[in-house]
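Student: I should like to work through the side-chain pairings and the packing of this protein. May we begin with the structure itself?

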Amino acid sequence: MVEALRVWASTHMSPSWTLLKLCDVQPMQYFDLTCQLLGKAEVDGASFLLKVWDGTRTPFPSWRVLIQDLVLEGDLSHIHRLQNLTIDILVYDNHVHVARSLKVGSFLRIYSLHTKLQSMNSENQTMLSLEFHLHGGTSYGRGIRVLPESNSDVDQLKKDLESANLTANQHSDVICQSEPDDSFPSSGSVSLYEVERCQQLSATILTDHQYLE
């Protein structure tokens, strides 16, 4: 019944005022995004990675999740060609099961997506990156829905994707894997996996754990 109501609403109700394009998003914002899924990957038991695009570029460098290409489901050459226009979204908890079932190439509406602006110091320079998170729970309609081909927003999205400028210069992306709460655990130990991944960065990001080698 809920799914039937969502389908009805998608064709009879005007888009939410929170529906934005990637080029219009700002830090510390919750919004709805219409996009196409380019790739997906298992990060850990509590989070899942979705690589998506909507034909526009974010106003800040996009945060990248460090994963092995072998575990990424999708056309790697196509993803690389669109790397200036793609974003990485980490989804958590109850949304992981839905994310696993999504088909690469499908058109999605992601509700109540959260943006965060993270800073990293590298070679005496402060680098800013825009993170995208879909937190657990269903508050404020949070979730993921596959849009039917008959949806008018899908028609517009396809036009935007076809006219996207793939050759435009884009700021360098910041590559890092962060915890959901943007910090390492303060009471427990940091996993060797996280330490090894962060050691690949030129910046020191374990600012609260100077005692760790």
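Student: Which residue forms a salt bridge with K40?

Tutor: The model is a predicted one. In it, the closest N and O atoms of the pair are 3.9 Å apart, inside the 4 Å cut-off for a salt bridge. K40 lies in strand β2 and its partner in strand β5 (residues 73-74), so the bridge ties together parts that are 33 residues apart in sequence. The partner of K40 is E73.

Student: Is K40 buried or exposed?

Tutor: Buried means under 20% relative accessible area. K40 has a relative accessible area of 6%, whereas E73, at 43%, is partly exposed. K40 is therefore buried.

Student: How many residues apart in sequence are E42 and R100?

Tutor: The side chains of E42 and R100 meet in a salt bridge, with an N to O distance of 2.9 Å. E42 counts as partly exposed at 36% relative accessibility, and R100 counts as partly exposed at 40%. Because E42 lies in strand β2 and R100 in helix α3, the pair joins parts of the chain whose separation in sequence is 58 residues.

Student: Which helix holds D153, the partner of R109 in a salt bridge?

Tutor: The closest N and O atoms of D153 and R109 are 2.5 Å apart. R109 is buried, with a relative accessible area of 9%, while D153 counts as partly exposed at 22%. The two are 44 residues apart, with R109 in strand β7 and D153 in helix α4 (residues 152-162).

Student: How many salt bridges does a search of the whole structure find?

Tutor: The pairs discussed so far include K40 with E73 and E42 with R100. In addition, K51, R64 and D88 are linked in a network of salt bridges. For the whole structure, the number found is seven.

Student: Which strand gives the most residues to the largest nonpolar core?

Tutor: The largest nonpolar core has 22 residues, and L33, L50, I89 and F132 have the most contacts inside it. Elements that each supply at least two of its residues include β3 (47-53), β6 (87-92) and α3 (95-101). The element that gives the most, with four residues, is β2.

Student: How many residues does the second, separate core have?

Tutor: This second core includes A41, W63, Y92 and F107. Across the protein, buried residues make up 44% of the 213 residues. The second core has 19 residues.

Methods: Residues are numbered from 1 along each chain as its sequence is written. This is a predicted model: local features need pLDDT of at least 70, side-chain atom pairs count only at pLDDT 80 or more; totals for chains, interfaces and linings use all residues. Side-chain values use heavy atoms; hydrogens and water are left out. A nonpolar core is a set of buried Ala, Val, Leu, Ile, Met, Phe, Trp, Tyr and Cys residues joined through side-chain atoms within 4.5 Å. Buried means under 20% relative accessible area, exposed over 50%, partly exposed in between (1.4 Å probe, protein chains only).
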